[in-house]
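Visitor: I have a model open and want to learn how to read it. Please take me through it feature by feature.

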Amino acid sequence: MKVLKFGGTSVGSAQRIKDVAKLICDGTQKVVVLSAMSGTTNSLVEISDYLYKKNPDGANDITNKLLLKYLDVINDLYSN
């Protein structure tokens, strides 16, 4: 059994996700593990730093930016 792991820049945009999909959809059984998109881990660390410093507004700002990034990718993935 093959196990394939993708994360970071390999799933950092809609096009990169589509490229990964082409690689994994070859008719053979495998386990596919997806980790965080490019920049996500750094954003989560930044959010936790803001919360640790009792700055929920800063945390919310980064959270909203991350949300917008993911919504853009979703829109690009399902644009056609």
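Guide: Start with the nonpolar core. The largest has six residues: Phe6, Val11, Ala14, Val20, Met37 and Val73. A nonpolar core is a set of buried Ala, Val, Leu, Ile, Met, Phe, Trp, Tyr and Cys residues joined through side-chain atoms within 4.5 Å. Buried means under 20% relative accessible area, exposed over 50%, partly exposed in between (1.4 Å probe, protein chains only). In soluble globular proteins, nonpolar side chains tend to be buried together. This is a predicted model: local features need pLDDT of at least 70, side-chain atom pairs count only at pLDDT 80 or more, and totals for chains, interfaces and linings use all residues. Residues are numbered from 1 along each chain as its sequence is written, and side-chain values use heavy atoms, with hydrogens and water left out.

Visitor: Which residues does Ala14 contact, leaving aside neighbours within four places in sequence?

Guide: Val73, Asp76 and Leu77. Contact means heavy atoms within 4.5 Å.

Visitor: What is the order of helices and strands along the sequence?

Guide: The pattern is β-α-β-α-α. Both kinds are DSSP runs, numbered from the N terminus: helices are H or I with at least four residues, strands are E with at least two.

Visitor: How do I read one helix, say α3 (residues 56-77)?

Guide: Look for its buried side. An α-helix has 3.6 residues a turn, so residues three or four places apart point the same way. In α3, the buried residues are Gly58, Ala59, Ile62, Leu66 and Val73. They cover an arc of only 105° around the axis, which puts them on the same side of α3. The arc is that of the directions from the helix axis to the C-beta atoms. Turned away from that side are the exposed residues Asp57, Leu68 and Asn75.

Visitor: What covers the buried residues of α3?

Guide: The cover includes α1 (14-24), β2 (30-37) and α2. Two residues of α2 show contacts with α3. Ser43 is in α2 and touches Ile62 and Leu66. Thr40 also lies in α2 (residues 40-52), and touches Leu66, Lys69 and Tyr70. Both contact lists leave out residues up to four places away in sequence.

Visitor: Is Thr40 buried or exposed?

Guide: Thr40 is buried, at a relative accessible area of 6%. Its side chain makes a polar contact with the side chain of Tyr70 (2.8 Å). A polar contact is a pair of N or O atoms within 3.5 Å; within protein, one must be able to donate a hydrogen and the other to accept it, and residues adjacent in sequence count only if both atoms are side-chain atoms.
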